[in-house]
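Visitor: I'd like to go through this one by asking why things get the labels they get. Can you take me round?

Guide: Sure, let's look at it together.

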Amino acid sequence: MYLGIDLGTSAVKTVLVDSAQRVIASESRPLTTFSPRPGHVEQDPAQWIDATFATLDALKATHAGELAAVEGIGLSGQMHGATLLDASGNPLRPCILWNDGRSAAECRILEQRWPALRATTGNKAMAGFTAPKLLWIATHEPEIFAATKLVLLPKAYLRLVLSGEAIEDVSDASGSLWLDAARRDWSDAALAATGLSRDHMPRLVEGCAPATTLRGELARRWGMTGQPVIAGGAGDNPAGAVGIGAIRPGTAFVSLGTSGALLAPTGRIAANPDRAVHTFCHAIPDMWIQAGAILSAASCLAWIARLFGATEAELLAPLGLRPQAPSAVSFLPYLAGERTPHDDPAVHGMLDGLSHGTDRGSIVQAVLEGVAFALADCRDALADAGIAMTEADAIGGGSRSRFWLSVLANVLNVPIHRFAGGETGAAFGAARLGRLAVTGEAIAAVCTRLQRIETFEPDAGLVGAYAERLPAWRELYRPRH
């Protein structure tokens, strides 16, 4: 048996998977974020531990026998968060998250200090990444910076609590701006540019490699017969790729989680940092992922549901299975700033085209279309790097909506495929990495493609209608800086 634990932004999801790759059970516990100032987004690391332990306690209560047989654990996590620890391994402050926009000025400073940043990391300095956050801390909270002995990404902090060791995998480390993406190792020049050294960093491993083992007292708490191996694991999107078997070039996929992304595994680095395309190491050796990322995706639907005082399901049900025509309303999904292609943490969202005849359904449809248009921007940025997509698989909570996937198929003009359980892809991918760390099996034998249960084909009429709307939608963007 194998466990996959996905430390997301809105929840911790844990899945229990058997040797036939069947999900035997799953548990989820919610997480909350807070914003002490506009543009600041933080989370208490204690929440992560409490939520994770709660999912495992629940699995013990319902599936004690299966949990006892767990041999391997894989971790997946939200990327880029800065968790600062003191000499005793205790957090010095709340974690600054991936969608925090406070360090825009520090991004410019970092690129000036280290001109080789883009060539080495495959990325441009953006406020969501980890390194600029440390420059912000050094300027605005110097006493915290001076006390910082270790900087961990969220899932690495969880691993520290589970195992007692500070270890990170190369895929998650790619989003820090401290990793040499080609060498898959920390860059001393990058660390020096932020006043840090390797002493502040965890040990690096590949995602499918054995990293450490679960603490004995925790194994006993959950009734496990041994101390399971903990794999290197992966950032959430690389773990999602492993979960659906996207381990080769030509297997593009779209993630509709709290944030969104259009991602393509590659056998080489195909960077396009000038258009804010992200370069990450994949969770498997000798592979990379190129990604266009948007900061708000399924969170846009949650936002409009909150405004209307309805559930997401209640908003989606009247829309049916597919759009009949584009909404008369347009929506910019920049509720937390934006990355690809604008790299603009200060930009805001927008509803445009409202009239007395506008109803709830028109607005909800516009929200879904706005996210799809933003992913079209990601598609074009990836195309500029030589990555063309002819189809895409969908993962994340948003992949449950047939209407949304139909919109995506028509906006992107490619078939979109969905899987059973696609919303738990990252946790399932983490479980696969946990298995590989134990068994040493061939990666291709474990990371097989999941069975597609539905395909959404583009409709020629809708493709043309959305293509006509896209230029006007893009004209709505106005930089605020």
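Visitor: Which residue stands opposite I5 in β5?

Guide: That's L75. Bear in mind that this is a predicted model.

Visitor: What makes β1 and β5 paired strands?

Guide: The cut-off is at least two bridges. Six bridges join β1 to β5 (residues 72–77), so the pair qualifies. The two strands run parallel.

Visitor: And how do you know that β1 pairs with β2?

Guide: By the same kind of count: β1 (residues 2–7) and β2 share six bridges, this time in the antiparallel sense. L3 stands opposite L16, and Y2 faces V17. The two strands form a hairpin, with three residues between them.

Visitor: Where does β2 go after that?

Guide: Into another hairpin, with β3 and five residues in between. Q21 in that turn has a positive phi of about 65 degrees. β2 and β3 (residues 23–30) are antiparallel over seven bridges, and L16 stands opposite A25 there.

Visitor: Why is β1 called mostly covered?

Guide: Six of its six residues are buried, and buried means under 20% relative accessible area. Both faces are covered: Y2, G4 and D6 lie on one side, with L3, I5 and L7 on the other. β2 (residues 11–17) is mostly covered too, with six of its seven residues buried.

Visitor: Let's move to helices. Why is α3 called roughly perpendicular to α5?

Guide: The axes of α3 (residues 104–113) and α5 (residues 130–140) cross at roughly 105 degrees and come within 9 Å. Roughly perpendicular covers 65 to 115 degrees, so that crossing earns α3 the label relative to α5.

Visitor: Which residues make that contact?

Guide: From α3 there are E106, C107, I109, L110 and R113, and from α5 there are A131, P132, L135, W136 and H140. By class, the contact has seven nonpolar, one polar and two charged residues.

Visitor: Now the seven-stranded sheet. What makes β18 and β24 its edges?

Guide: The order is β18-β19-β17-β16-β22-β23-β24, in an open sheet with mixed pairing. β18 (278–281) and β24 (452–456) each have a single partner strand, so one side of each is left without a neighbour in the sheet. From one strand to the next, the twist averages 30 degrees.

Visitor: How do you know that β23 is paired with β24?

Guide: Four bridges join β23 (residues 416–419) to β24, and at least two are needed, so they count as a pair. They run antiparallel, with R418 opposite E454.

Visitor: Which helices pack on this sheet?

Guide: α14 does, touching β16 (253–256), β17 (260–266) and β19 (288–294), with its direction at about 140 degrees to that of β19. α15 (residues 402–412) packs on the sheet as well, touching β16, β22 (392–395), β23 and β24. The direction of α15 makes about 155 degrees with that of β23.

Visitor: How would you label those two angles?

Guide: Over 145 degrees counts as roughly antiparallel. The α15 and β23 directions, at about 155 degrees, are therefore roughly antiparallel. For α14 and β19, about 140 degrees makes the angle oblique.

Visitor: Which residues touch the most other members of the largest nonpolar core?

Guide: L256, V371, L375, L408 and I416, out of 58 residues. Helix α14 (residues 360–384) gives the largest share, 14 residues. Leaving out residues up to four places away in sequence, V371 touches L256, I294, S296, A297, C300, P333 and W404.

Visitor: S296 shows up there. Why is S296 called buried?

Guide: Its relative accessibility is 3%, and the limit is under 20%, so S296 counts as buried. S296 lies in the loop between β19 and α12 (298–308).

Visitor: What is S296 in contact with?

Guide: Beyond its neighbours within four places in sequence, T258, S259, P333, L335, A336 and V371. S296 and G257 are 39 residues apart in sequence, yet 8.3 Å apart in space, C-alpha to C-alpha.

Technical notes. Residues are numbered from 1 along each chain as its sequence is written. This is a predicted model: local features need pLDDT of at least 70, side-chain atom pairs count only at pLDDT 80 or more; totals for chains, interfaces and linings use all residues. Side-chain values use heavy atoms; hydrogens and water are left out. A nonpolar core is a set of buried Ala, Val, Leu, Ile, Met, Phe, Trp, Tyr and Cys residues joined through side-chain atoms within 4.5 Å. Buried means under 20% relative accessible area, exposed over 50%, partly exposed in between (1.4 Å probe, protein chains only). Contact means heavy atoms within 4.5 Å. Axes are lines fitted to C-alpha atoms, for helices over the stretch in contact, and angles run from 0 to 180 degrees between N-to-C directions. Angles under 35 degrees count as roughly parallel, over 145 as roughly antiparallel, 65 to 115 as roughly perpendicular and the rest as oblique. Ala, Val, Leu, Ile, Met, Phe, Trp, Tyr, Cys and Pro count as nonpolar, Asp, Glu, Lys and Arg as charged, and the others, Gly among them, as polar.
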